[in-house]
Every structure is written in structure tokens, then in C-alpha cells.
Amino acid sequence: MAEMGSKGVTAGKIASNVQKKLTRAQEKVLQKLGKADETKDEQFEQCVQNFNKQLTEGTRLQKDLRTYLASVKAMHEASKKLNECLQEMYEPDWPGRDEANKIAENNDLLWLDYHQKLVDQALLTMDTYLGQFPDIKSRIAKRGRKLVDYDSARHHYESLQTAKKKDEAKIAKAEEELIKAQKVFEEMNVDLQEELPSLWNSRVGFYVNTFQSIAGLEENFHKEMSKLNQNLNDVLVSLEKQHGSNTFTVKAQPRKKTKLLSRLLRKKNSDNAPAKGNKSPSPPPDGSPAATPEIRVNHEPEPPSSATAGASLPKSPSQPTESPAGSLPSREPSAAEGTFAVAWPSQTAEPGPAQPAEASEVAGGTQPAAGAQEPGETAASEAASSSLPAVVVETFSATVNGTVEGGSGAVRLDLPPGFMFKVQAQHDYVATDTDELQLKAGDVVLVIPFQNPEEQDEGWLMGVKESDWNQHKELEKCRGVFPENFTERVQ
């Protein structure tokens, strides 16, 4: 029986709640259609809008505060790992090791204390502040339902009073329900009318206290952290003074292996190639026609001897005008090399006084100067001087150093062909391959272009050390590549 009674009560409550929901839904529909008036309180509606705005701002502040705390924790972990790294790298024999370890411990404790105070003085206070909003929000929603019940009871009572057939019992019952609904609504309305404005005004003090706490905690934290950082800086300055004489090695830019292998193969092939024979024509016999031979001159000659340097063929009729019966060194010219030709006219020279010969100085001093012939050659030269034609020498079109010595028209060969500029080594460089230059700080390098521009790696230059060039004058033996960042341009 007891169970039946309890079930009956439960069923009755469910039925009552369902009836209330249906009545409220019907009342709202009538109000929206304009067939029933709705009780409105503009002042209360404004309080509800402020409440919703306050709840949104508080929720956002709580979210951002949690994000800030997560960032503080992440910074703590990062700072801890950084200090651990310093402790591991700090060698035992270095000065200040104990002080550095103590600073790292204090740093860790300071981060922990800062995080905990933020939780206690900001986050927990924030949670307490927002904890009151859900209850008030549910009461506002309940007050809205009671207002609908009050409007429904009022409309029911008014309809019974205006009916043609009045039922006093129904009117009395409707009046009783109206009074009851009005009382419940007014009680809730009065409480909310007092709480909502008070809650809205409390936001200012809460925001001030929250941000003051955060700012004060952060200020103290940074003051203490600044002291620790200053102490750590002093320790590191002391370490630097003791080990300040150490230097750091400058590393060259890495070279591409593909181009390096290509360069090595080209060099190997050039070394294994057979040397080309030197051929030089001899002057034609006296009075006989001959074709014009072409003599090619290397732009990389051996340094001229004192007997031949700067000498030019004389213009006196009493001296011979032909080259000695020797051979001039020749090779296949490159694109940058010039050539000159010695020509003998086809007709026989008329008898008479010898014409003065005009010839330009042979580059590199490979022709002997006048008066420097061997004794056996002197007589032959004098005998042929009366019948040999004038020698016509064509001028070079290529320039070795870009400068011509005044008056004589001779090209300077004190710099390698294609010379671009000079650089000076600022650091020592140890060559790691056979085609690289070994540099010491202070070495001067003459920079020249690559034979194949495609072989040039980024950050590397081709050149020959000035000392090697002055001594050997041979590019094939002296030139090599070197890292540009080890040098500084001086010319």
C-alpha cells in the first residue's frame, strides 16, 4: 500500500508538471500571437543583460588566466631544462660551478612559488567568483517560468469574470490560484531585483583585486629573478675572463661533392694528356719566297732573364732583323691568349742598304736581345741581314694585366692571366683536398676566374698565392680553390 501511495504521489507530480508545461506553452503562444498581454519589467531585463555580460567576461577572464598559468608552468619547465643544460656543460674545473648550481636551484624554487601564488590568489578567487553565477542563472530562469504562470492565472481569472455564465466556485478557485502565483513570482522577483544590481557592481572591485594580485606577484617574481640573473651573469663574466684567450675556428662553406669529383677528373685527364710538341718556323733563305708562318705565344711564360727583359729589336741597318735560328716555345692558345705573326714578303729584296727593322717585344722575353747571339750565329745573321726583308709583327689583342708599359707597348706579365683582384687570408685554412689552397693568416691570394664556371661552388674562389706566383709563374702547379669567408679583399 505504501508503494502504491508513493507511486500515486509521483504520478500526480508528473501529471502536474506536465499540465504546467502545457499551460505555459499555450500562454507563450498566445502572447506571441498578441492574443494575451505579457507582464514586462524593463528594469529587471536590463539587470539580466548586465548579468549575462558579467558572466561572459568572467568566463573569458577565467579561461585566459588558466592559459597564463599554463604558460608560466611551461616557462618553468623550459627554464629548468636550460639550467640543467648549463649544469651539465659546466666543467668541474671551471670557476663558479657551485654558484651556478645554487642559482639554478633558486631559480627553480622561485618559479614554483610564483606559480603557486598565482593559483591561490588569482585562480581560486576567480573560481569562487564565478561559482555564484550558475545558481543565480537558474533562479532567473525560474522567475521567468513563474511570471508565465502568473500571467496565465491572471488571464484565466479575467476570462471567468467576463464570461456570460458566471460560476462563482470557479471564479473563487481561479482567484486563489492567481494570488498564489502572484506571491511566488513577487518573492523571487524581489530577491533578484536586489541581488543582480549588487552583483553587477561587485565586478569592479573583483577585477581590480585580481589584476592587482597578478601584477604584484609578477613584479616581485621578476625582481627576484633579476637578482638571480645578475648573479649568473657575474659568474659567467668571471669564467669568460679566465678563458677569454681561446679562439673559435672559422669553418668554410661546404663544397658540393659532384663538382669536386668533376674537377678532380678534369685535372687527372689533363695531367695524363701527352704534351704537345713545340714547333717554330725558321726564317726562309735569302731571296726565296715563303708562306707566312704564325707563331703563337703563351701568356704564361717563364720569367725573363736579365739579358732579355724589356729588350726590343734595334732599328739600326747594320744589325739583323730576323729571329735567331732557334725555336720559340708554343702551345695551343686559349680563348684569352693573343697571337702574332711574322711574315716574309714573296718578292726578293732589292740590293742596297738594309731597311731598318721594326718589331715589337715578344711577350715573356723569349727572343734574345740584339748582340746576345751565339758566336756562330752572329756571322750568319750578318751575312743574311742585307737580303732579309723587314719583319712585320702584329700587335696583341689580348691583355694580360690590363696595363701596358709606357712607350714600348709591352704587356705586363707580373700577374696571372685573368687576374681580378687580391684578397688577404684572415684565418688559417687547412686544405682538405688536392685542388685546395693551404692558407695562413696574412697570405695574399691573386683571384682568377674558374676555367669552367659551372665548377665554382658557392662561397669558394679560384686563385694562386702571390708568393707562389712570383716564384714559379705556373698556374697549373700553383692555383687552387679556397673559401671566400676566410679572406678579405684588399685590392
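This is a selection-by-selection tour of a predicted model, going through its surface patches, salt bridges, cysteines and one backbone outlier.

**Stop 1: helix α1, nonpolar side**

Select residues 2–33 to show α1. Within that selection, highlight Ile14, Val18 and Leu22, which make up a nonpolar surface patch with a combined accessible area of about 280 Å². Val18 belongs to helix α1 and is partly exposed, at a relative accessible area of 42%.

**Stop 2: the positive patch**

Keep α1 on screen and add α4, residues 133–161. Now pick Lys28, Lys32, Lys142 and Arg145, a cluster of positive charge on the surface. Both helices contribute to the patch, with at least two residues coming from each. Lys32, a residue of α1, has a relative accessible area of 76%, above the 50% cut-off, and is therefore exposed.

**Stop 3: salt bridges within helices**

Across the whole structure, 11 salt bridges are found. Three of them can be visited in turn, moving through α2, α3 and α4.

- Start with α2, residues 42–89. Show the side chains of Arg60 and Asp64, which form a salt bridge with an N to O distance of 3.7 Å. The two residues are four apart in the helix, so about one helical turn separates them. Arg60 is exposed at 61% relative accessibility, whereas Asp64 is partly exposed at 41%.
- Go on to α3, residues 97–131, where Asp113 and Lys117 are likewise placed four residues apart, about one turn of the helix. Their side chains meet in a salt bridge at 3.4 Å, N to O. Lys117 is partly exposed at 35% relative accessibility, and Asp113 is partly exposed at 36%.
- Return to α4 and select Arg154 and Glu158, a salt-bridged pair whose closest N and O atoms are 3.8 Å apart. Their spacing of four residues in α4 puts about one helical turn between them. Which partner is buried and which is partly exposed? Arg154 is buried, with 14% relative accessibility, while Glu158 is partly exposed, with 37%.

Next, select Asp135, Arg139 and Glu195, which are joined into one network by salt bridges that share partners.

**Stop 4: the negative patch on α5**

Select residues 168–242 for helix α5, and locate Glu187 there. Then add Glu186, Asp191 and Glu194 to the selection; together with Glu187 they gather in a surface patch of negative charge. Glu187 has a relative accessibility of 46% and counts as partly exposed, because that value falls between the 20% and 50% cut-offs.

**Stop 5: a positive phi**

Select 466–478 to bring up α8, α9 and the loop between them. Where is Lys473 found? Lys473 sits in that loop, between α8 (466–472) and α9 (475–478). Check its backbone torsions: phi is positive, about 60 degrees, although the residue is not a glycine. Lys473 is also buried, with a relative accessible area of 13%.

**Stop 6: cysteines**

Colour the sulfur atoms last. How many disulfides does a search of the whole structure find? The search returns zero. Two cysteines to inspect are Cys47 and Cys478. Cys47 has a relative accessible area of 11% and is buried. Cys478 is buried as well, at 7% relative accessibility; its position is the final residue of α9 (475–478).

Note on methods: Residues numbered from 1 in each chain as written. Predicted model: local features only at pLDDT ≥ 70, side-chain atom pairs only at ≥ 80, totals over all residues. Heavy atoms only, no water. Patch = residues over 30% accessible without salt bridge, like charges linked within 9 Å, V, L, I, M, F, W, Y side chains within 5 Å. Areas by Shrake-Rupley, 256 points an atom, 1.4 Å probe, with all protein chains shown as cover. Salt bridge = Lys/Arg side-chain N within 4 Å of Asp/Glu carboxyl O. Lys, Arg positive; Asp, Glu negative; His and termini not counted. Charge placed at Lys NZ, Arg CZ, Asp CG, Glu CD. Buried < 20%, exposed > 50% of the residue type's maximum accessible area, 1.4 Å probe, protein only. Disulfide = S-S within 2.5 Å.
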